Amino acid sequence: MILVLGGTYDSRKLVEGILEQGKQVIYSSVTDYNVGSLPEDAGLRVRVGAMDEAGMAALIEDQGVTCLVDATHPYAKEVSLNAIAACEAAGIVYLRMERKRMADDGETTLGFSDYDAMVDYLLTQEGQVLLTTGSRQLEAYDRLPKDRLVVRVLPTAKVLSKCEALGYNPKRIIAMQGPFSYEMNTAMMAQYKIRFLTTKDSGVVGGVDEKIQAARDMGVKVLYIKRPDIRYPRVAGDVSETLGLLASEDLR
């Protein structure tokens, strides 16, 4: 039995591939978002809800899990650390499916360890900033003048209420559901005369490539939050590589 910790698009593609290999899978996600898009298969079980280390250990033991694939979001640090510890305690294989990381080239892209460091940098610069790090992190930008910021967030009542409470003018809120194409990104940057764009290192599946290419072509500097520094016991780069390892005796 293989346990896949998911919640991402590529984790669902991974599940499809594992089932095609004839293996049984437990797919675990914190929320039921997009769970309905999983294939109907007798070899698949779905679990929804958060788990701590003890919960993962119990699931591993109860279901006879022999391998755990951590395909969670690149910033889900606590989940990954709990999974590593649970696998070590149970003596089973842990495999991280890790999206390719961004490179800090010192020109188009600049990486920062946290939001405070990013904001410190922006305070030394001039120009409009497009925020694409999500509504949960909006408070991190409070030290910056609101007339420099344009926020791109999900179009929900809760998120828009938060933007209003933090003092964002409606004309500086882009409330849209992604993913965003290269053309859409360039249009937004041109419309708001953007000089800087903030993002996370979410990988190709997270739409980062489209943002970076658009920024390069528009002369916009990309500022990104680096991923958590985690020592994964074993790492695969994408769905194809992960499936290859799961089919290999070398993994055991």
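## Close-up views of a predicted model

**View 1. Lys-193 is exposed, with a relative accessible area of 67%.** This is a predicted model, so please read every view with that in mind. The label "exposed" applies because 67% is over the 50% cut-off. Look for Lys-193 in the loop that joins helix H6 (182–191) to strand E10 (194–200). Its backbone deserves a glance too: phi is positive, at about 55°, although Lys-193 is not a glycine. For context, most residues other than glycine have a negative phi.

**View 2. The whole protein, before we zoom back in, has eight helices and 12 strands.** The radius of gyration is 20 Å, close to the 18 Å that the globule rule gives for 252 residues, so the protein is as compact as a globular protein of that length. Taken along the principal axes, the C-alpha atoms fill a box of roughly 55 × 40 × 30 Å. Among contacts with a separation of 6 or more, 63% join residues 24 or more positions apart. Buried residues make up 48% of the 252. On the outside, the accessible surface comes to about 12,600 Å², and carbon and sulfur atoms own 49% of that area. Charged side chains number 30 positive and 35 negative, with the centres of the two sets 5 Å apart.

**View 3. The largest nonpolar core brings together 23 residues.** The members that touch the most others are Leu-131, Tyr-141, Val-151, Cys-163, Tyr-168 and Leu-223. Two or more residues each come from strands E6 (109–112), E7 (128–131), E8 (149–153) and E11 (221–225), and from helices H4 (115–122) and H5 (157–165). H4 gives the most, with five residues. If you are browsing further, a second, separate core of 21 residues includes Leu-19, Val-35, Ala-71 and Leu-245. As background, nonpolar side chains tend to be buried together in soluble globular proteins.

**View 4. Tyr-141 is one of the best-connected members of that core, being among those that touch the most other members.** Leaving out residues up to four places away in sequence, Tyr-141 touches Tyr-115, Met-118, Val-119, Leu-131, Thr-133, Leu-149, Tyr-168 and Thr-198.

**View 5. Gln-137 sits in the loop between E7 and E8.** This loop residue is nonetheless buried: its relative accessible area is 19%, and the label holds because that value is under the 20% cut-off. Beyond residues up to four places away in sequence, Gln-137 touches Tyr-115 and Lys-200. Tyr-115 is 22 residues from Gln-137 along the chain, and their C-alpha atoms are separated by 8.5 Å.

**View 6. Val-159, in helix H5, can be followed from its contacts out to a distant pair.** Val-159 is buried, with a relative accessible area of 11%. Setting aside residues up to four places away in sequence, it touches Ser-135, Val-153 and Leu-154. For a sense of scale, the C-alpha atoms of Val-159 and Asp-62 are 39 Å apart, with their positions 97 residues apart along the chain.

**View 7. Asp-114 lies in the loop between E6 and H4.** Its relative accessibility of 34% makes Asp-114 partly exposed, because that value falls between the 20% and 50% cut-offs. A handy ruler for this view runs from Asp-114 to Val-153: the pair is 39 residues apart in sequence and 20 Å apart in space, C-alpha to C-alpha.

Note on methods. Residues are numbered from 1 along each chain as its sequence is written. This is a predicted model: local features need pLDDT of at least 70, side-chain atom pairs count only at pLDDT 80 or more; totals for chains, interfaces and linings use all residues. Side-chain values use heavy atoms; hydrogens and water are left out. Helices (H or I, at least four residues) and strands (E, at least two) are DSSP runs, numbered from the N terminus. The radius of gyration is taken over C-alpha atoms; the globule rule is 2.2 Å times the number of residues to the power 0.38. Buried means under 20% relative accessible area, exposed over 50%, partly exposed in between (1.4 Å probe, protein chains only). Contact means heavy atoms within 4.5 Å. Accessible areas come from the Shrake-Rupley method with a 1.4 Å probe; for residues, only the protein chains shown count as cover. Lys and Arg count as positive and Asp and Glu as negative; His and the chain ends are not counted. The place of a charge is taken as NZ of Lys, CZ of Arg, CG of Asp or CD of Glu. A nonpolar core is a set of buried Ala, Val, Leu, Ile, Met, Phe, Trp, Tyr and Cys residues joined through side-chain atoms within 4.5 Å.
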